[in-house]
Amino acid sequence: MTRFDDPQFDPRLADWLEGDPSTAPDQALEIVLASLPSIKQRRATRVPWRNRDMTNTLRLGLAAAVVVAATLGGLYFLSSRTGPSVAAPETSPPPQSAPPSAAQPSAAANRTTFTSAQYGYSVEYPTPYAAVPATEPWTGSGQIGPEEPFVDRFFAPNSTTFVGISALPRPEGTTDEAFEMQYMQHVSERGGCPIPMDAWSDATVRDTPAKRAEFECGGSQGVELIWVAGDTGYVISGDPAVVDLMAETIAVE
Amino acid sequence: MDLADLVSRAAHGDRAAFASLATQYIDRCYALAYRILRDRDRAQDATQQALIGAWRDLPTLRDQARFEAWLHRLVVHACYAEARGTRRWNARFRIHPISNDSAPDPAHAVVDRAALEDAFARLTPEQRAVVVLHHHHGYPLTEIADILGIPVGTARSRLFYAVRQLRTVLDADLASATPGERSA
């Protein structure tokens, strides 16, 4: 009898799996518990509008507020670029009067330029954010995270949104594509919030070919971009809206 | 103290609460890891890696009621990392020959276990994870898709091809082990 039509196959498979060991060695728990004091917990990177408890009314209200803010901001932005022929409505509030919100970056939001002492690039970030520069170079291990000293970090005022940027010299003799592939392989295997290899797609950062992936981390969405400029690979990761906004302004030496 | 309280307190840095969670879940994590990796040491490493990752990332877990499913996801991904690190090493292993004088039943069960072990080792880690989550933990495909962060169709496809491959290998092994029975 072929097993393709064997109705007992699935129970047999389950029985076989049941027979495997199911008790962890004692030292496993001891090792985990002994490790806790040396491991910092990550900050929550929750995005308010993705709260599942949010009511539809509140969701619609926030969406409307975003649209109004973007419209007013856009008008202000256009008026500042084209001069008096396209006047902003007199009732338009200046962009800085809008409540600072990491979740609502717009073209009108004030931006501050950050120049990385560690990596040499410059980038604009929403002014309400707090920039925490990297204090040591990236060696290639670890991942872009809010606690990592090799990451230039940008925190929203409410500390719920984070964007990180880091850079790594491309090894001599390695092509841009191979370098990106190595990085993608690295993040596909990382312990926290891995990004599957097939999640990456082609993109650009300031006209430079890049790879872009969307991922989920602890229930929040994130975006990661990697590209090579000159002899250096750059990575920016974090809240999707702010990552894309900042990637448009990043300039490398 | 109930699970929600433990998770909430652990997410706010309470090590004792996390220790209670770890004590409660470590065997289930290990059982899952072992069934995917088929190796005690690597299963232990993956379990430790997942639990340490859980402590580190717990503040980012939004739906704390889904702690166990989230923890299973960490275990599966830790297993992927372990499996990738040993792929070349594992490739040196050869399939164990099955003795031709194996009796049909009940010795079939013995043949099955050895053949299943070999057949399972040929699956990708991603396929193994779906098989274990479905056939051992009893998760439905929708839940598996949620745990692994993949579309339901992908989970269904992985399970289908994994089971088909297991059956094919078992058929071939059984045929070569009991040629007399096949012609009977």
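Helices and strands are taken here as DSSP runs, helices of at least four residues and strands of at least two, numbered from the N terminus. With that settled, I looked up D207(A), which is found in the loop between β6 and β7 of chain A. I noted that the model is predicted, and I kept that in mind for every entry below.

**Entry: D207(A) and R38(B)**

I found that D207(A) has a positive phi of about 70° although it is not a glycine. To decide whether D207(A) is buried or exposed, I looked up its surroundings: it has 6 other C-beta atoms within 10 Å and is therefore exposed, given that a residue with 12 or fewer counts as such.

I then turned to R38(B), which lies in the loop between α2 and α3 of chain B and also is not a glycine, yet has a positive phi of about 60°. R38(B) has 16 other C-beta atoms within 10 Å, so I entered it as partly exposed.

**Entry: the make-up of chain A**

I looked up the secondary structure of chain A, which comes to five helices and nine strands. Along the sequence I read the pattern of chain A as α-α-α-β-β-β-β-β-α-β-β-β-β-α. Of the 253 residues of chain A, 32% count as buried, and among its contacts with a separation of 6 or more, 48% join residues 24 or more positions apart.

**Entry: the hairpin of chain A**

I looked at strands β1 (residues 111–115) and β2 (residues 122–126) of chain A, which pair in the antiparallel sense over five bridges. T112(A) has Y125(A) in β2(A) as its bridge partner. The two strands form a hairpin with six residues between them, and in the turn I found G120(A) with a positive phi of about 90°.

**Entry: the seven-stranded sheet of chain A**

In which order do the seven strands of the open sheet in chain A run? I read the order as β3-β4-β5-β9-β8-β7-β6, with antiparallel pairing. At the edges I found β3 (130–132) and β6 (200–205) of chain A, each of which pairs on one side only. On average, neighbouring strands of this sheet are turned by 20° against each other, direction ignored.

Within the sheet I followed β5 (residues 162–169) and β9 (residues 232–238) of chain A, which pair in the antiparallel sense over seven bridges, and there L168(A) stands opposite G233(A) in β9(A). Helix α4 (residues 176–188) of chain A packs on the sheet, where it touches β6, β7 (208–217), β8 (220–229) and β9 of chain A, and its direction makes about 155° with that of β8(A). Helix α5 (residues 240–247) of chain A packs on the sheet as well, touching β5, β6, β7, β8 and β9 of chain A, and the direction of α5(A) makes about 20° with that of β8(A).

**Entry: the make-up of chain B**

For chain B I counted ten helices and zero strands. Buried residues make up 45% of its 184 residues, and residues 24 or more positions apart account for 64% of the contacts in chain B with a separation of 6 or more.

**Entry: the nonpolar cores**

Which residues have the most contacts inside the largest nonpolar core? In this core of 61 residues I found them to be C29(B), A33(B), V75(B) and C79(B). The largest share of the core, 13 residues, comes from α2(B), and the core draws at least three residues from each of domain 1 (1–93) and domain 2 (98–184) of chain B. I checked A33(B) by itself: leaving out residues up to four places away in sequence, A33(B) touches A43(B), A46(B), T47(B), V75(B) and C79(B). I also noted a second, separate core of 41 residues, which includes V151(A), W227(A), Y234(A) and V243(A).

**Entry: I150(B)**

I150(B) lies in the loop between α8 (141–148) and α9 of chain B. I found 17 other C-beta atoms within 10 Å of I150(B), which means that it is partly exposed. Leaving aside neighbours within four places in sequence, I150(B) is in contact with A145(B) and A155(B).

**Entry: where the two chains meet**

Last, I looked up the contact between the chains, which takes 44 residues from chain B and 41 residues from chain A. Several helices of chain B each supply at least two residues of the side that touches chain A, among them α3 (40–57), α4 (67–85) and α9 (152–177). The largest share of that side, eleven residues, comes from α2(B). By class, I entered the side of chain B that touches chain A as 20 nonpolar, twelve polar and twelve charged residues.

Conventions. Residues are numbered from 1 along each chain as its sequence is written. Chains are lettered from A and ligands numbered from 1 in the order in which they are written. This is a predicted model: local features need pLDDT of at least 70, side-chain atom pairs count only at pLDDT 80 or more; totals for chains, interfaces and linings use all residues. Two residues are in contact if their C-beta atoms, placed from the backbone, lie within 7 Å. Ala, Val, Leu, Ile, Met, Phe, Trp, Tyr, Cys and Pro count as nonpolar, Asp, Glu, Lys and Arg as charged, and the others, Gly among them, as polar. Two strands pair if DSSP finds at least two bridges between them. Axes are lines fitted to C-alpha atoms, for helices over the stretch in contact, and angles run from 0 to 180 degrees between N-to-C directions. A nonpolar core is a set of buried Ala, Val, Leu, Ile, Met, Phe, Trp, Tyr and Cys residues joined through C-beta atoms within 7 Å. A residue is buried if 20 or more other C-beta atoms lie within 10 Å of its own, exposed if 12 or fewer, and partly exposed in between; C-beta atoms are placed from the backbone. Domain bounds come from an automatic or database domain assignment.
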